[in-house]
Amino acid sequence: MISESSPERRAAVTAPLVGAASFAPGDIVRHRMFDFRGVVFDIDPVFANSEEWYEAIPEEIRPAKEQPYYHLLAENGDSSYIAYVSQQNLVPDAEGGPIDHPQIEAMFEGLDDGRYRGRAIHRH
């Protein structure tokens, strides 16, 4: 039996409330509340950022941790940046056009039918 204070118990990861990710790398998405869109380049099955980052979100709009979180190459009318967004705050992008981000070409090969094709990664 594992005690409540054992390292094995503290290291346990809570299963997500959402059974699967709704989006995949290459998908173009839009934030539900804020005016930005982006392309998914990585997914965490549950929240994996800092507590400081999480606590900075106003409590009334703070999303649950037990859901997929997406790393996005994002853009708005003013700039491009990397965003970290919960699944509940993303919707498919209806615009379908390209994302204007300087790292797109490093991660993706091109845009087909509203989604980016991942670039092959060469490993030794």
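Which residue in strand 3 is the bridge partner of Gly 38? I looked this up before anything else, and the bridge partner of Gly 38 in strand 3 turned out to be Ala 74.

**Ground rules**

I note that this is a predicted model, in which local features need pLDDT of at least 70 and side-chain atom pairs count only at pLDDT 80 or more, while totals for chains, interfaces and linings use all residues. Residues are numbered from 1 along each chain as its sequence is written, and side-chain values use heavy atoms, with hydrogens and water left out.

**Overall layout**

I find three helices and seven strands in the protein chain, taking both as DSSP runs numbered from the N terminus (helices H or I with at least four residues, strands E with at least two). Along the sequence they follow the pattern α-β-β-α-β-β-β-α-β-β. The chain has 124 residues, of which 34% count as buried; buried stands for under 20% relative accessible area, exposed for over 50% and partly exposed for what lies in between, with a 1.4 Å probe and protein chains only. I also looked up the contacts (heavy atoms within 4.5 Å): among those with a separation of 6 or more, 54% are between residues 24 or more positions apart.

**Strand pairing**

I then followed the strands, which pair if DSSP finds at least two bridges between them. Strand 1 (residues 28-31) pairs with strand 2 (residues 37-44) in the antiparallel sense over three bridges, and a hairpin joins the two through five residues. Within this pairing, Ile 28 has Val 39 as its bridge partner in strand 2, and Val 29 has Gly 38. Strand 1 also pairs with strand 5 (residues 90-92), again antiparallel and over three bridges, and there Val 29 stands opposite Pro 92. Strand 2 and strand 3 run antiparallel and are joined by seven bridges.

**Arg 37 and Glu 75**

Next I turned to two charged residues. Arg 37 lies in strand 2 and is buried, with a relative accessible area of 4%. Glu 75 is placed in strand 3 (residues 69-75) and is buried as well, at 13%. What joins their side chains? I find a polar contact of 2.8 Å between them, the term standing for a pair of N or O atoms within 3.5 Å, of which, within protein, one must be able to donate a hydrogen and the other to accept it, while residues adjacent in sequence count only if both atoms are side-chain atoms.

Each of these side chains also reaches a backbone atom: that of Arg 37 reaches the backbone oxygen of Gly 97 at 2.8 Å, and that of Glu 75 reaches the backbone nitrogen of Asp 100 at 2.8 Å. Leaving aside neighbours within four places in sequence, I list for Arg 37 contacts that include Ile 28, Val 29, Leu 73, Asp 93, Glu 95, Gly 97 and Pro 98. With the corresponding exclusion, Glu 75 touches residues including Phe 36, Ser 80, Tyr 81, Pro 98 and Asp 100.

**Ser 86**

Is Ser 86 buried or exposed? Ser 86, found in strand 4, is buried, with a relative accessible area of 2%. Its C-alpha lies 4.4 Å from that of Tyr 69, although the two residues are 17 apart in sequence. Beyond its neighbours within four places in sequence, I find Ser 86 in contact with Pro 63, Gln 67, Pro 68, Tyr 69 and Tyr 70.

**The largest pocket**

Finally I looked up the largest pocket, which holds about 220 Å³ of space. On a 1 Å grid over the protein atoms alone, a pocket is an open set of points where a 1.4 Å probe fits, with protein on both sides within 12 Å along at least five of seven lines, and lining residues have an atom within 4 Å of a point. Grid points are joined across faces, edges and corners, and the volume is the space filled by probe spheres set on the points.

The lining comprises 15 residues, and His 31, Phe 34, Trp 53, Ile 57 and Tyr 84 lie nearest the centre. Strand 4 (residues 80-86) gives the largest share, four residues. By class I note 12 nonpolar, three polar and no charged residues in the lining, where Ala, Val, Leu, Ile, Met, Phe, Trp, Tyr, Cys and Pro count as nonpolar, Asp, Glu, Lys and Arg as charged, and the others, Gly among them, as polar.
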